[in-house]
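Trainee: Before I rely on any of these labels, could we go through them one by one and set each value against its rule?

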Amino acid sequence: MATGRFIFKLLIFSLPLSAGFLWLECRMRTAPNSYQFKQALIEKYGAGAEVLIFGTSHAYYDFNPAKFTVPGLNLANTSQSLVLDQQIYTQNVALFAKVRVLVLNLSYFSFEYRLYGNSDDYREFSYIHAFGIEGDGGWRSKLDPRRFSSVLAFGPEMIRKILFNGFGSGLAREISQQGWMNSSIGKYPHLPVSKEAGRDRAQYHSATLDPSLAESNLEAIAKIVEVAEANGAKVVLSQAPASIYYTQALDPEAERRFHIYIDKLQRTLGLEFHDYLRDKRFAITDFYDNDHLNAEAAGRFSTIFDREVLAPILSPAEN
Amino acid sequence: MSFISLAYLVFFPIVCVVHFLLPAQRRWIWLLLASCYFYAYFVPRYLLILFFIIAADWSFARWMEPLNGRSRRLLLYGSLATNLGLLFVFKYFNFFNAESAWFAHQLGLNYTPPVLDLVLPIGLSFHTFQAMSYTLEVFWGRQSAERHLGVYALYVLFFPQLVAGPIERPQNLLPQLHTMPEFKADAAVAGLRLILIGVFKKVVLADRLAVFVDGAFNGWRLTTGLAFWFAAVCFAFQIYYDFSAYTDIARGSAKILGIELMKNFNFPYFAHSPRKFWTRWHISLSTWFRDYVYVPLGGSRVSRAVTVRNLFVVFLLSGLWHGANLSFVVWGLLNFVFVALPLYLAPRVGLPIWLRTFLTFSAITVAWIFFRAPDLSAAGEILTEMILLRKDQLFLLANRELQIDLSLIVAMTACEWIWVRSGETVFLRAPVEFRWAVYYLMIVVIFACGVFGQKQFIYFQF
């Protein structure tokens, strides 16, 4: 067979596959996801929000701004790194005219973590597509083909799930209009809260730790503080509750480093840190899984947070 | 870089296009760079080990070629010691130390061995064996020493077969790397077909089976009786599909680049004796042991007792080649028993072929348990469970995914049976519409049923 004929036949053979790929690409780009949903929330409610919550799934599940006494928006999401927090905030800061408090909820791994390069880094490209931000992967992420295609970013298994779901989404039910993930009506089954599952979860998070990332994450926080202060907002650090099965399996050395970073932030930027990680007010039965509160407990935690952290900042005279 | 990755999907077409755009005499440079990048994608620093092996063997072979007698032999030993030494340090040091400590403890001695905290470089056993094959061939005068260091480096590093073979011979690969054939459309079509079959075997068959197999063997304390029989059969197919998938993609990729790699599998589960099985399974390793161990020891042209000894040595080494673990040694020795036993107990009554095939498959499957079990004691307990034939976990088979897996195995085996009976040409002679329909169907099934996790090829660990 001649080379020209081979290329022609290859092109003909590829036509249906390319057509299928393009169709999937269009559908995936427009399929609703939590990132687009949050960007829409920013555009719709950002101007009225007085409190913003950033962080990983721990903040996404645990902070219900509907329980705050002032309007708030939860802009946290699963595996959202501090660099992504910073990019989302600075990209949209002009829309947050009334924001007075910005809560950066830190997970055990936050300082030494970035999304790109981890097992669920397909999310990185959803951030890039939905928010129009750079992402936290640096030049590697810029050269990654997944940056240019949602089909490649999500991969066959994820696409299969979305395809069989008719490209639909239960987002409107699962995510509240304040951006909070309501685990009580999620489509996912209740995950086991047990010693083994808690240990596995802690080990999974420990495996993502890379101390060399601390510097860039601390810089991201410094940038958030700089922009927030320039816009009249105060930044507060927090750590949400987790079950004892999770906390007792955390790497003590990594926790020691975590507190060194906190000390540094308190010293250099004067930030408050509110640690609820091992708060005794939350029992095993309050957890949806080992490191996320269930919907009812999240509401309770948000009320406590509002009273103990937000109120003294927002209405100092009354306190 | 794994073959089943987006990175390879981008890497390989770029390599092909640039390869054929370059003049033939410059292509080795490009392929060498591409191969280094391919390997460095796993752990970059281990490239240094490969460079060391390449430089050492290339030099030993060059020095050895004009010499005779003792000096020539000493240089061969130098080359073998370099390769086997590296293999020993990375793969066997801790194993032998631990076994020595156990032995010392039995003798009442207090010996605490040092432990080397080294990660085995991916595919080390493959490329050291390929490198040794070169120096042995030069030593025996069957291959002239390669003058071109770059081409020799490519012989060891050639990316399609770098990580998990086939373990090539210099007589096959080196001349091709010198000539660097031009693009041939027919070879490219055959190569693409092999890649498609390989991807299908890996993601639709091997990795789907892995879900059930891993569940049964990793949680072996919770698995019982008959469920283990199914898990063992599934593992027999999983490892075949997994390894032959790697070979298919390797051969397909090389074919597109104009390089013909040796066949590594020839429908091994249709073999009607364990001996035949070993001429059809991992052919490049079996023939390596045949040519460089079995034949030099006298092969089968000696007394029956010496033949059995030779087989014992080969299968012991084969077990050790797979891993520094007693289970692999037992796996090798079990296969030795299966191969050697007919030398003494040849059946007087001819059994029907289907029965011999079935018995061979069963024996090989039982041996695979030692290969897959976490350790030797686990393998023993699993075998006990299998003998007890407890039926309390048969409900596991009601799993829809497992039923799909078993149907896919039956369908694939039927296809292979037709292939064996009628040859590859029966498919190639079919109308183009039929062939394209099969290709599209495979692509759809890959997308609809494939498992695309981070699961590496099983043989990467060797």
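Mentor: What follows takes up aromatic pairs, charges over rings, cysteines and a pocket.

Mentor: This is a predicted model, in which local features need pLDDT of at least 70 and side-chain atom pairs count only at pLDDT 80 or more, while totals for chains, interfaces and linings use all residues. Residues are numbered from 1 along each chain as its sequence is written, chains are lettered from A in the order in which they are written, and side-chain values use heavy atoms, with hydrogens and water left out.

Trainee: Why is the aromatic pair of Y116(A) and F125(A) called edge-to-face?

Mentor: Rings of Phe, Tyr and Trp (its six-membered ring) pair if their centres lie within 6.5 Å, and planes under 30 degrees apart count as stacked, over 60 as edge-to-face and the rest as tilted. The centres of Y116(A) and F125(A) are 6.2 Å apart with 80° between the planes, so the pair is edge-to-face. In Y269(B) and F277(B), by contrast, the values are 6.0 Å and 20°, and therefore that pair is stacked.

Trainee: What makes Y116(A) and F125(A) count as buried?

Mentor: Buried means under 20% relative accessible area, exposed over 50% and partly exposed in between, with a 1.4 Å probe and protein chains only. Y116(A) has 12% and F125(A) has 1%, so both are buried.

Trainee: Why is the charged end of K91(B) said to sit over the ring of W321(B)?

Mentor: The rule asks that NZ of Lys or CZ of Arg be within 6 Å of the ring centre and within 35 degrees of the ring normal. The charged end of K91(B) is 5.4 Å from the centre of the W321(B) ring and is listed as sitting over it, as is that of R45(B) over Y46(B), at 5.3 Å.

Trainee: How do you know that C16(B) forms no disulfide?

Mentor: A disulfide is a pair of cysteine sulfur atoms within 2.5 Å. The closest cysteine sulfur to that of C16(B) is in C36(B), 17 Å away, so the distance is too far for a bond. For C234(B) the closest is in C449(B), at 16 Å, which is also too far, and the count over all chains comes to zero disulfides.

Trainee: How do the residues lining the second largest pocket divide into nonpolar, polar and charged?

Mentor: There are 22 nonpolar, five polar and eight charged residues in that lining, where Ala, Val, Leu, Ile, Met, Phe, Trp, Tyr, Cys and Pro count as nonpolar, Asp, Glu, Lys and Arg as charged, and the others, Gly among them, as polar.
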